Amino acid sequence: MRIRIVGAGAMGRGIAQWAAVGGHTVELCDVRTEAVTAAVDFVRSMLERAVHKGRMSAEDSAAALERLVPLDDPWAPGPEVELVVEAVREDLDTKAEVFGKLEQALPESAVFATNTSSLSVTRIAASLRDPGRLAGLHFFNPVPLMKIVEVVPGAATRPGIPPVLTALVESCGHRAVTVADTPGFLVNHAGRGLVTEALALLEESVADPAGIDRIARDVLGLRMGPFELMDLTGLDVTAAVIDSIWEGFRHEARLRPSFLTPNRVTAGLHGRKTGQGWFAYGPDAPSPAPEPPVTGDAGRPVFVAGEEGDALRGELTAAGATVESGTAPSESALVLVPVWGTTVAAAVASLGLPAARTFGVDPLPPAGRRRVLAVTPASDPSAARDARAVLARAADGAEPFAVSVVRDTAGSVAQRLLASVVSVAASIAERSLAAPADIDLAVTTGLGYPVGPLAWGDRVGAARMLELQRSLHASTGDPRHRPTRWLTERAQLGLPLTRTGTSPDICA
């Protein structure tokens, strides 16, 4: 296939490298000829690096470079061009102008694709004489390494075009997911579950950014915490995406932005690129503050209360802790309550527990060596230190647990993050914006989550996830936590969250 790529910036040169290595002839052009020269030099250096690292033979590298054709004029006639990929700046008028000129220069048989990440594919196509020839082909940076591409048909896109684009993507070694033309498409939309809930937790002073990130990494198993991720992406970019998706979905509660971001963006606290975001960066940046050492009495007796307590009771007993039995704690015992979607305060009130020495523990099995202890306004500081020491205990020979201390909130930190991730993904499936398998594939490949959000919900169990979300909604009254129909139905029917829906025309 002969492909013309218009725009030789970071995305354009990445797409050019990917397509040329995949065996296609690539015309690379830009209104700035120096950008094309720089892009070709960059691709050459990337291919040379691949050869040096043994990832590509010298012959294959040379052949790929031969297939990369610098073009001086983006609007030059191209009777053999079969596909155009536009990768210019994110501006509707600019993209419409580019495609208008290409429509005059190239044959009617050439398929047009836009790499837009935030604009409506349908609106871009509407400026063309033939809007049916255009679809979205959204790559992620760096293109050769991010092996996922969103294929986005617009409202007028001809039905035969998405399968052609999917076949192209997969023939070049990437995975393609078909996504509806909606705000954020799939990956950016699904990613809102993590960051919006993390910001909500920070709004409520449940934990600081470093504390939330530790729990996200060590309990949920994410490679990066949400605040690290925002600093890497740039808070200015993240905030704009959050706002555009929320507005595009008509202020959907579960996508609600935080009041914390506008002032930070205005102040230039964008993250790594500005040297200061949620954390400081650069050679003169102070080292992150370490977690406080464990100083409490690990031998103090504990009483584990509540219906969720069997697993924790067994783990602490195996670790040598003094775990009381019976129906009530002794006068000196700490009380640990595993809470699922509810608060420690509610457990104190409903079970008649001593408020000063009752603490919450997240029962979600951690991916790493970390437990989470929740404290209330009534907590005795000395008792809290002792509870942290008890939770740090591990069975003989095992590494002690790190213990995060957070403010009491319904569901604690990890549960709320997980519930939001699953809920946003279920909402995407419920609206038929993407197939369940594509949602999980896009999120694991594009966002690096350890498992897709719907499969993650299945690991916990649909019924248990529904219990969690109902409890969060009832405890907080916040509509962001309301269960989706997708989750509710599957929990009631005993089906996995990854199960696709049945079409209404089943009896046709």
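Helices and strands are taken here as DSSP runs, a helix having at least four residues and a strand at least two, with numbering from the N terminus. On this basis, the span of residues 3-181 in the predicted model is 40% helix and 20% strand, and the C-alpha atoms at its ends lie 23 Å apart. UniProt, in an unreviewed entry, lists residues 3-181 as "domain: 3-hydroxyacyl-CoA dehydrogenase NAD binding". The feature "domain: 3-hydroxyacyl-CoA dehydrogenase C-terminal", also from an unreviewed UniProt entry, is placed at residues 184-281 and 412-495. Residues 184-281 are 55% helix and 0% strand, with end C-alpha atoms 29 Å apart, while residues 412-495 are 74% helix and 0% strand, with end C-alpha atoms that lie 27 Å apart.

For the protein chain as a whole, 20 helices and 13 strands are assigned, and the C-alpha trace spans about 85 × 65 × 45 Å along its principal axes. The chain has 508 residues, of which 50% count as buried. When contacts between residues at least 6 apart in sequence are considered, 69% of them join residues at least 24 apart.

The largest nonpolar core comprises 94 residues, and Phe112, Ile212 and Leu417 are those with the most contacts inside it. Helix α16, formed by residues 412-430, gives the most to this core, contributing twelve residues. Another core, of 38 residues, lies apart from the largest one and includes Met11, Val36, Leu165 and Cys172. The surroundings of Ile212 were examined with neighbours within four places in sequence left aside; Ile212 is then in contact with Ala198, Leu201, Leu202, Ala207, Pro226, Phe227, Val413 and Leu417.

Aromatic pairing was then considered across the whole structure, and the search finds three aromatic pairs. In one of these, the ring centres of Phe227 and Trp278 are 5.0 Å apart and the ring planes stand at 80°, so the pair is classed as edge-to-face, the cut-off for that class being an angle over 60 degrees. This pair links distant parts of the chain, since Phe227 belongs to helix α10 (residues 226-233) and Trp278 to the loop between α12 (261-266) and β9 (302-304), with their positions 51 residues apart in the sequence. Both Phe227 and Trp278 are buried. Positively charged side chains also lie over aromatic faces: Arg13 is placed over the face of Phe42, at 3.8 Å from the ring centre, and Arg133 over the face of Phe112, at 3.9 Å from the ring centre.

Two loop positions in the C-terminal annotation were examined in detail. Gly225 is located in the loop between α9 (209-218) and α10, and it counts as buried because its relative accessibility is 0%. With neighbours within four places in sequence left aside, Gly225 is in contact with Asp213, Ala216 and Arg217, and its C-alpha atom is separated by 9.3 Å from that of Gly211, which is 14 residues away along the chain. His481 is located in the loop between α19 (462-476) and α20 (485-493) and, at 8% relative accessibility, also counts as buried. Leaving aside neighbours within four places in sequence, the contacts of His481 include Glu197, Arg416, Gln469 and Leu472, together with His473 and Thr476.

A further loop residue, Pro107, lies between α4 (92-105) and β5 (111-114); its relative accessibility is 22%, and Pro107 therefore counts as partly exposed, the limit for a buried residue being under 20%. Not counting residues up to four places away in sequence, Pro107 touches Gly78, Pro79, Val81 and Arg133, and the last of these is the arginine that lies over the face of Phe112. The C-alpha atoms of Pro107 and Ala384, which are 277 residues apart along the chain, are separated by 72 Å.

Finally, the structure holds zero disulfides. The closest cysteine sulfur to that of Cys29 is in Cys172, at 18 Å, which is too far for a bond, given that a disulfide requires sulfur atoms within 2.5 Å. Cys29 counts as buried, at 0% relative accessibility, and Cys172 likewise counts as buried, at 13% relative accessibility.

Definitions and conventions:
Residues numbered from 1 in each chain as written. Predicted model: local features only at pLDDT ≥ 70, side-chain atom pairs only at ≥ 80, totals over all residues. Heavy atoms only, no water. Phe/Tyr/Trp six-rings, centres within 6.5 Å; stacked < 30°, edge-to-face > 60°. Buried < 20%, exposed > 50% of the residue type's maximum accessible area, 1.4 Å probe, protein only. Lys NZ or Arg CZ within 6 Å of the ring centre and 35° of its normal. Core = buried A, V, L, I, M, F, W, Y, C linked by side-chain atoms within 4.5 Å. Contact = heavy atoms within 4.5 Å. UniProt positions renumbered as here; feature names shortened; annotations may be inferred.
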